[in-house]
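Colleague: Please take a close look at the charged side chains and how they are placed. I would like one connected account rather than a list.

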Amino acid sequence: MKIISVITALAVSLLFLNTSAGAVPADIDISAECAVVMNAQTGTVLYEKNAHRKHAIASTTKIMTALLTIEAGDPDRLFVADRTAIRVEGTSMGLTEGDIVTRRALCLGMLLPSGNDAANAAAVNVAGSMGAFADMMNRRAAQIGMSDTHFVNPSGLDADGHYSTAYDMALLTREALKNTDFREMCGMKSAETEFGNPQEKRTLFNSNKLLDMYEGCIGVKTGFTDNARRCLVSAAERNGCTLIAVTLNAPDDWDDHTKLLDSAFSEMKAYDIRLNSFAAEVVGGNTGSVPLVPAEKVTLGMTADETRRISVKYSVPRFVYAEINEGDALGQADIFLDGKLFRKVALVASENVSRTEPSKGVFDWLKNLLNGGLIASFNRN
């Protein structure tokens, strides 16, 4: 039986009282009614202003629509866009009745020029109807933890009961950025795609000016309706750190995001999380123990305050049985932030250990004696 010892190590110290590191001054001057800045790697809120106030979110809705469309798979299958779905007001990628498209083209169409036609066509293709797709959106929101969000349509056009919060939109964006296809698309300044009947090459341009205005910006989505006013979700990377900023009803959103991101980045740096190595006793091997080392190096972009809220718990076997191959996962390091499991890292064998035959003792000698082995040897003499 393998006996596991659990060891808890404090990376620095633990603070459980404050989940907001406050990297951005609370009195920073921004135009937004609601705003939040979140560390994309850890989920820590670094700034908030009315972050949990429910508000219309306009086309930032399409972050969820694009994510679900990507997650549905089959991105390059050709189909005819639903003719009813594409009859919609507002911004468009230019679909007309009978156009042949792919889900990939529709994702580009909704994320770059913010096409309402693209969002509706994708919803019908993925779920069968826009109502069914809205149900999918709300189920996915619940999975992400967006407790103050309700979706009614895939485009973000003003509708009763269609709302979210700055905080929930940051949670959604953090989840979406984990998807490599979404991450690539939302950061494109322009994209080449094909659609139409017959299909023609088209160039789509991104409405997100922050991609040109802000160093390190990697997305994400603009939005505007008469009710929501200007909405913007951005993400940026610098020096191993990734931030998400959300503003709702922000007349000067480009400037707001520049201020918020600059302020947060000034308090962040990339920290190496030191993980311990161990030695496990080996039973039946050619060596008495095997070193267990972390399978990967963990570097996180954090504020200094966040580093003080990191802890690590190790699950280490007291002994293991040979044969062991280098790289075998034999233990685990669990990294916690504010007491919540944040990341798992395997502890692996750093060398091979071969199995050896046990040495023969008195019981083996007696067994051989009873089997005639000793007599046979004696008779040969």
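Modeller: What follows treats the salt bridges first, then one charged residue without such a partner, and finally two parts of the surrounding fold.

The model is predicted, so local features need pLDDT of at least 70 and side-chain atom pairs count only at pLDDT 80 or more, while totals for chains, interfaces and linings use all residues. Residues are numbered from 1 along each chain as its sequence is written, and side-chain values use heavy atoms, with hydrogens and water left out.

Side chains of opposite charge can pair when their charged atoms come close. The structure contains 18 salt bridges, each being a side-chain nitrogen of Lys or Arg within 4 Å of a carboxyl oxygen of Asp or Glu.

One of them joins the side chains of Arg104 and Asp76, at 2.8 Å from N to O. This pair links distant parts of the chain, 28 residues apart: Arg104 belongs to helix H2 (residues 103–111), and Asp76 to the loop between helix H1 (62–71) and strand S4 (79–80). Helices (H or I, at least four residues) and strands (E, at least two) are DSSP runs numbered from the N terminus. Arg104 counts as partly exposed because its relative accessibility is 30%; buried means under 20% relative accessible area, exposed over 50%, and partly exposed in between (1.4 Å probe, protein chains only). Asp76, with a relative accessible area of 47%, is also partly exposed.

Glu175 and Lys178 form another salt bridge through their side chains, at 3.6 Å from N to O. Here Glu175 is partly exposed at 24% relative accessible area, whereas Lys178, at 56%, is exposed.

In a further salt bridge, the side chains of Glu237 and Arg183 meet at 2.1 Å, N to O. This pair, too, links distant parts of the chain: Glu237 sits in strand S9 (residues 229–238) and Arg183 in helix H6 (residues 180–186), 54 residues apart. Glu237 is partly exposed, its relative accessible area being 33%, and Arg183 is partly exposed at 29%. Glu175 and Lys178 also belong to one network with Glu71 and Arg140, joined by salt bridges that share partners.

Asp117, in helix H3 (residues 116–127), is a separate case. Asp117 is buried yet has no salt bridge, and the nearest side chain of opposite charge, Lys62, is 7.8 Å away; in this count Lys and Arg are positive and Asp and Glu negative, with His and the chain ends not counted. The side chain of Asp117 instead reaches the backbone nitrogen of Met93 at 3.0 Å. A polar atom of that side chain also lies 3.0 Å from the backbone nitrogen of Leu95. Apart from neighbours within four places in sequence, Asp117 is in contact (heavy atoms within 4.5 Å) with Ile86, Val88, Thr91, Ser92, Met93, Gly94 and Leu95.

Gly128 lies in the loop between H3 and helix H4 (130–144). Gly128 is exposed, with a relative accessible area of 56%. Its C-alpha atom is separated by 10.0 Å from that of Asp82, 46 residues apart along the chain.

Elsewhere, strand S2 (residues 34–39) pairs with strand S3 (residues 45–49) in the antiparallel sense over four bridges, pairing being assigned where DSSP finds at least two bridges. Met38 stands opposite Val45 in S3. S2 and S3 form a hairpin with five residues between them, and Gly43 in the turn has a positive phi of about 85°.

Technical notes
A polar contact is a pair of N or O atoms within 3.5 Å; within protein, one must be able to donate a hydrogen and the other to accept it, and residues adjacent in sequence count only if both atoms are side-chain atoms.
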